[in-house]
Amino acid sequence: MASLCSCSASPRVVFVFLALGLFPGFVHCTVDAGLHYQAHSDELCSVRMLCDDLKHMVFHPMCYSFFHPKCTHDPDRDRVMNKLDRFLEDFKGHSQILEEVRGKLSLKLDNPQDRIHMHFAGDNGVGKTWLAQLISAALSGRRSSDWPSAGDTFYQVDITMGKLDENASKTDISRASNDIEGQLLQAINLCPQAVILVDELQELHPGVVPVLGRLLKGEPLRSGATTVPTAEATVILTSEFGRAGGSHGKARHELIAEVNRYSLYTDPALANNVRVLLFSPFSKADFREIVRQHLRKLPCKVRALKAAQWDEETEELLTDVAWKQNEYNYKNGRQVDDTFQEYVSAKVSSILGHVTTAHSRTVTLRARKSEVEIVVEGDDKEL
């Protein structure tokens with residue numbers, strides 16, 4: 001249960017909350033030395049988008065409404081690459097993949113007509129869909145209203161109609177193909193530089209795949225008498241290796257062979273147009289990096305916080321808990337997210353839910369055996 005402590009320094013009213021669900025109580029204590037410390041800042045918590053330079057001017061609302069309506073493709077190469085680097089700070093692990101993505105986007109910015117299509121293949125929870133969204137955020141002038149991590153050039157194809165069984169009729173296959181082609185036409189008509197995500201490629205019936213082939217080859221799509229060029233669009237495919245944890249124990253060449261069995265790649269021209277990137281399961285060191293980044297970003301996620309500080313043991317505890325749980329369900333990065341939400345985020349938000357003053361509190365986290373002790377300091381008027 002929460003305990004009461006005191007110290008020789010001037011007393012400060014704080015909250016103590018044990019992250020496993022015990023009740024809060026008032027204590028007086030000081031902050032120990034040797035803690036990691038991260039203050040809230042705009043540099044940490046936000047990324048400047050296309051119109052943000054005008055945020056203090058009366059023209060800011062007009063920047064998007066009149067000059068950059070829906071599909072705000074960012075034309076500034078340096079700003080796009082800077083945004084990409086900032087967004088990827090949150091993306092831990094897969095360093096080689098990230099370097100290749102940076103290289104591909106750099107080439108695309110230099111030559112917009114060059115086709116840059118990628119296939120992210122890996123287990124559940126390794127960040128495939130999230131990375132596609134971050135790429136779109138870097139290329140966009142503003143955030144998507146539908147996908148918090150994406151930019152408004154992002155479009156995710158709904159492949160529901162294409163999830164047909166192997167004995168599907170020609171009519172069903174034709175209907176599904178027309179549905180997906182209609183979505184692609186809509187996305188590219190609205191935004192010629194769209195970042196189009198086709199998630200869970202392994203679920204798509206082989207008979208529906210040819211409609212993707214035309215897009216990946218850069219061939220124009222047709223709607224009646226209208227021809228829609230596709231060269232400036234970026235297409236990202238994702239697929240999983242069957243069940244959760246399906247890539248465990250398999251060599252790289254075995255995984256590549258699984259990807260190459262998709263009907264999409266029976267056409268050599270398509271195989272040459274799509275860069276396949278294999279996402280490995282996270283290591284325990286990756287888990288630790290993800291935990292540390294969650295701790296650093298805590299002041300960005302909880303409005304009342306001005307800073308967060310924590311000890312090394314807290315990082316170790318959260319990493320160990322997530323790693324042990326992941327041995328059973330192979331959720332990878334999502335397991336770290338779930339653990340942090342349960343042990344830290346939900347508890348801090350519960351304590352500070354009634355605090356209305358932004359950036360007015362400091363949270364300190366310390367490991368106590370199998371628990372995380374959460375201490376929140378600040379003016380006692382709202383506590």
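In the predicted model, Val198 lies in strand β6, which spans residues 195-198. With a relative accessibility of 1%, Val198 falls under the 20% limit and is therefore classed as buried. Leaving aside residues up to four places away in sequence, the contacts of Val198 are with Val157, Ile159, Leu212, Ile236, Leu237 and Thr238. One of these partners, Thr238, is 40 residues from Val198 in sequence, while the C-alpha atoms of Val198 and Thr238 are 6.5 Å apart in space.

The setting of Val198 can be placed against the protein chain as a whole, whose secondary structure comprises 13 helices and 13 strands. Of the 383 residues in the protein chain, 48% are buried. Among contacts in the protein chain with a separation of 6 or more, 70% join residues that are 24 or more positions apart. The exposed surface of the protein chain amounts to about 18,600 Å², and carbon and sulfur atoms supply 50% of that area.

A search of the whole structure returned one disulfide. This disulfide is formed by Cys45 and Cys300, whose sulfur atoms are 2.0 Å apart, and the link is left-handed, with -75 degrees about the S-S bond. The pair connects distant parts of the chain, given that Cys45 belongs to helix α1 (residues 42-45) and Cys300 to helix α11 (residues 298-301), 255 residues apart. Cys45 has a relative accessible area of 29% and is therefore partly exposed, as this value lies between the limits of 20% and 50%. Cys300, with a relative accessible area of 25%, is likewise partly exposed.

Technical notes: Residues numbered from 1 in each chain as written. Predicted model: local features only at pLDDT ≥ 70, side-chain atom pairs only at ≥ 80, totals over all residues. Heavy atoms only, no water. Helix = DSSP H or I, 4+ residues; strand = E, 2+ residues; numbered from the N terminus. Buried < 20%, exposed > 50% of the residue type's maximum accessible area, 1.4 Å probe, protein only. Contact = heavy atoms within 4.5 Å. Areas by Shrake-Rupley, 256 points an atom, 1.4 Å probe, with all protein chains shown as cover. Disulfide = S-S within 2.5 Å.
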